[in-house]
Structures are given as C-alpha cells and as structure tokens.
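Thank you all for coming; I would like to spend a few minutes on charged and nonpolar side chains, and on where they sit. Please have a look at the picture first, and then we will go through it together.

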Amino acid sequence: MKSNDLPRAESEFAKVVRLMPGSAAGHGALGAVLLAEGKLAAAVPELEKAHRLDDRDQTTTLNLANAYCSQRRFADSVTLFRSLQPAVTLSAESTLAYATSLVGTGKVQDATLKLQKAATANPENAPLHDALGAVLAQQQRYDEARAELEKALTLDPNSSSAHFHLGSLDLVEQRLPEAVDELQAAGKLAPNDLNILLQLGRAQIAQRLDEDALETLRHAHRIAPSSVDATYSLALALQNAGETKEAVPLFAVAASARPGDAQVLTNYALELVQDGQARQAVPIYERALKLDAANPVLLEDLGVAYLQQSDLDHAIAEFRAGLALPNQGGAQAAALHYDLGLALKLKDRLPEAVAELLLAEAANPSLPDPPYTLGVLYMQTGEFAKAAEQMEAAVRMRPENGDAWSVLGSTYRQMNVPGKAVPALRHAIELLPNQPGSHITLAAILAQQGDQAGAAAERKIAAELSRIAVSRQRSDFALGTGTALLKIGKVEDAVTQLRLAVAADPGYATPHRMLADALGRQGNAAEAALERQKADRLDRERAEQSVKQPGP
C-alpha cells in the first residue's frame, strides 16, 4: 500500500480479514485501500466493521467519516468528525469533507468557520478557497464569496469547481455574459459534469441563447437520460425555443417524477396549451392549483386553457378569481384584466369587455394589446374617434403591427379623414402586402378622390390576393386529405388528392413535396424526382424573395 500498489494491497488485506475476521486493523486497512481505489460501496462495510471492533482507531474513524460524506450520509459523517475533535488535526481534504457534511445538515455557519480557519492556515490551497466561496455565496455574502472564488482561480485556473461556483454566483447576480463564460470554462474542464451542464444551460436560457442552451442541455440529457433535472431543463429550453412537440413528452416525464412540484406541472400544462391540447392541460393546472392556490399566474393560465376550448364561462371565472386575490397590481393585473376583457368580448358583453380593457390599459400603460383590442371594439360599435385614439396608441407602441395600421386607416376613412387614412393604409400594405383588405379600403378612398386608375389598380391587386387565398385554401384542404390517406397506406387515393392540391396552387411547395413522397411510395421514381425538384425550386425562390424584400 505504501508503494501505491493498491490492487496487490487489496488482495493481501482481503486474505487478512478472511484469516482473522475479528481484526479491526485488517478491516480498517482493507477499507482504506478500497477507499483509495475509489471503491466506495465496498469500502464502507469494511470500515464500519473496523469501527465497531475498535471505535478508538482515529484513522479508521476519519476514513469512515470521509466515506460517509462521499455517500451523502452527512449526519453520520458529522457525528464521526466531531468525535475526532479536537484530538485530530484534519487535513485540507478532510476539512472539505467535514464542511460539506455540515452544509448538508444545514449547519452552514459552522462550515464557514471551519473553512475560514483552514483557508487561513493553508492560504495556497485552491479547493479550500473555492469551498469557502461556495458557502459564503449560499449565505448571500456575495462580495466575500467572489473574492474567495477569484483567489481559488488565481491559485488554480484549471479548477472546474471554482469556475462553476463563480459562474453560478454571476448567474445569481444577473451578470449573464460573465456567468456563461465561467460556466463554459468549467464545462471545457469537465465536459460530462451534469451539474455544470445544467447550470450552463440555465445561464444560456437566461441570456436568450436558445440554440446554445438546446445544444448544452441535449448533451446533459444524453449523458444522464434518467436525470429528472436534465429532462426538465431540456424541456424548458425546448419550450423557450418553441419546440413544443419535443418538449411535451419531456414535461410529461418530469411531471410524473415530481407530482408535487407546482412549477413543473404549470410548465407542462402551458406546453400542452401551446400544442393545442387545452383539454388535457386543464386537469394538470387544477393539480398545480391544489399545491399553489393563491397563484394568479396559474389562475390566468387555467383561464387561457378554458378560453382555447371556447369554455368562456369557466375562463371568466378563473380570470375573476385571479383578480380577487390580494395585492394584484401592475403587469399581472393588466394581463388578467386583458384576458377577462377578451373573454367578455367573445361573449358579446361589449360594455363589460371595454371596462376590463380600460383597466388593463391603466394597470400597464406600456402594454400594446389593450389599446389595439379597444380600437377594434370601438370601431365595431361605431365610436370612431375613440377607436382612432386607441389605434394611434397601439401603433406608437408597436409600429410593426400591420393589422393595427389597417384598422387605423379604416377608422380614418369612417371619420372622413382621407389625408390620414391613405398613408395609414399604405403603411399597412407595406407591412402586410398579401392581405387584400387594406387594398380594398384604399381603392374606395382613391375612387372617392377621383383617382380611378389608382383605385382600379388597388382593386386588381385585392382580387388577385383573394384568388390566391382561395386557391391556397383549396390546396390546403386537398393536401390535408392526401396526407391523411398516405398515413393509413392508401397511396393511390393520396396521389389523387395531392395532384388536386398541386393543381389548386402550383406555386405552393409543400404539395409538390408530399406528392413526391407519395409517388415514390407508388414506385414512380422519375415523376417523384421532378416534383421534389419543383418543391426545392419554389423554396429557393421564396427564400430569395424574402431576402430581397425583408419583413419588418
């Protein structure tokens, strides 16, 4: 053992305990060598036997205390470490284990004192400064923690633990670029450390680095597929990236593993709503509410789930319940008043809807949705001056809203203010060039102004856009039918429907691609290749057009 020939030492000590099973020294020595080899599960029983046979052996007691710490049996570890004090002077490594066990049993202050004393006695020991920084951060003593962690990295720039702790501190203090940098440095030093990967993913999500977060958390999930933390973190990253189909089953796994976690249930239900599964989301929201009944966000989300099902009465009840909670104000109150206003609007209870939308506007004047919806309501009820005032506010806050510009132009027309209506409508057309409504309204104004040529041109554009829309609807219907038939193996019928989809809208790439797949399954490889080429060409043309005329 002294010459570090650990396998031979293990073999010889194993002979000792077979020959002398009552030898505390033999079991202690075998446990020590197993511990040195990293065979923790085998080491602990040997050390426990040795300790039972001779509880005065300080070396065995110390080894067992360290082993219990590694097994996260922190209370047992603390008991043994305390039995050694003050007779035994602990090494830096054992001090770290003792401090870890103290933290694990909630004795953070005791751990801090132990580490401060050890770090003072061993000023060049990076792990001690790292551990001290970590426990100081736990106590929100952030400036002291940062000083210790930076000292640890000065002593050992390749400490993945110190980079991890410093990055975590940066994340708590919302220093997001620094957090990502430190956690990436930790990840390079320990590329398969699950805790580092999860924390890096959280930092990347917080900094809106969605693609980077997905890459990080996919890797975490690959190396630890059974980890609920990895599964849930990946689900959150997918939710942020809008990857609903992939996120839903991961949330389901996390919710099954953590049925008492209201936040997990809420995010799962929210993703089901995003996936159009509001009916399935409702019972999950209700489970979350049993755990967190006074959460206005949960009540709002449940109301939205009912709203998606057109269950307006239940939606209204949930929104009102959220508003009835104490201390409702600001952004949350605005959201609840707005959602309640929408539900009342859908119930044709327009005066009540207007009242709620005005409350939403007052609670959060920077929110662009209430003035837009109010403008539409006032337009519908013939209160054009109020409609114009609200729409003007809406386009000031969200100038890229083409629909708002279109409604504003129509409102100005109703108010007989063509000088304001025409530029508003032209701006709407710039933002939404493929919608016929603004062209139709603009044509009517131009005709009233005597610009018959301009009016005719706008009507022609509107007619062509309407024709395209009708053709796309027909193509989508045939495409949906053909796709469904293809899924159940009715290839011939699918080909017929997909040919109809292509004929209805030849410039639509998706039917060409689906027809290519169907023809390929039919054995018509040559025609399938032609259809696939057409689809690729249409996609290229669309991409080129979007580059030439970028959207707002």
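D229 is partly exposed, with a relative accessible area of 34%, where partly exposed is the range between buried, under 20%, and exposed, over 50%, computed with a 1.4 Å probe and with protein chains only. This residue is joined to R258 by a salt bridge in which the closest N and O atoms are 2.3 Å apart, and by a salt bridge I mean a side-chain nitrogen of Lys or Arg within 4 Å of a carboxyl oxygen of Asp or Glu. The two partners come from distant parts of the chain, 29 residues apart, with D229 in helix α14 (residues 228-240) and R258 in the loop between α15 (244-257) and α16 (262-274). Helices here are DSSP runs of H or I with at least four residues, numbered from the N terminus. R258 is partly exposed as well, at a relative accessible area of 25%.

I should say early that this is a predicted model, in which local features need pLDDT of at least 70 and side-chain atom pairs count only at pLDDT 80 or more, while totals for chains, interfaces and linings use all residues. Residues are numbered from 1 along each chain as its sequence is written, and side-chain values use heavy atoms, with hydrogens and water left out.

Let me turn to another pair, K245 and D275, which form a salt bridge with 2.9 Å between the closest N and O atoms. Here too distant parts of the chain are linked, since K245 belongs to helix α15 and D275 to the loop between α16 and α17 (278-291), 30 residues apart. Which of these partners is buried, and which is exposed? K245 is exposed, with a relative accessible area of 65%, whereas D275 is buried, at 17%.

A third pair is E48 and R73, whose side chains meet in a salt bridge of 3.4 Å, N to O. E48 lies in helix α3 (residues 40-53) and R73 in the loop between α4 (58-70) and α5 (74-84), so this pair ties together parts that are 25 residues apart in sequence. R73 counts as partly exposed, because its relative accessibility is 32%.

How many salt bridges does a search of the whole structure find? The search finds 26, and elsewhere R146, D170, E173 and R175 are linked in a network of such bridges.

Note on methods
Helix = DSSP H or I, 4+ residues; strand = E, 2+ residues; numbered from the N terminus.
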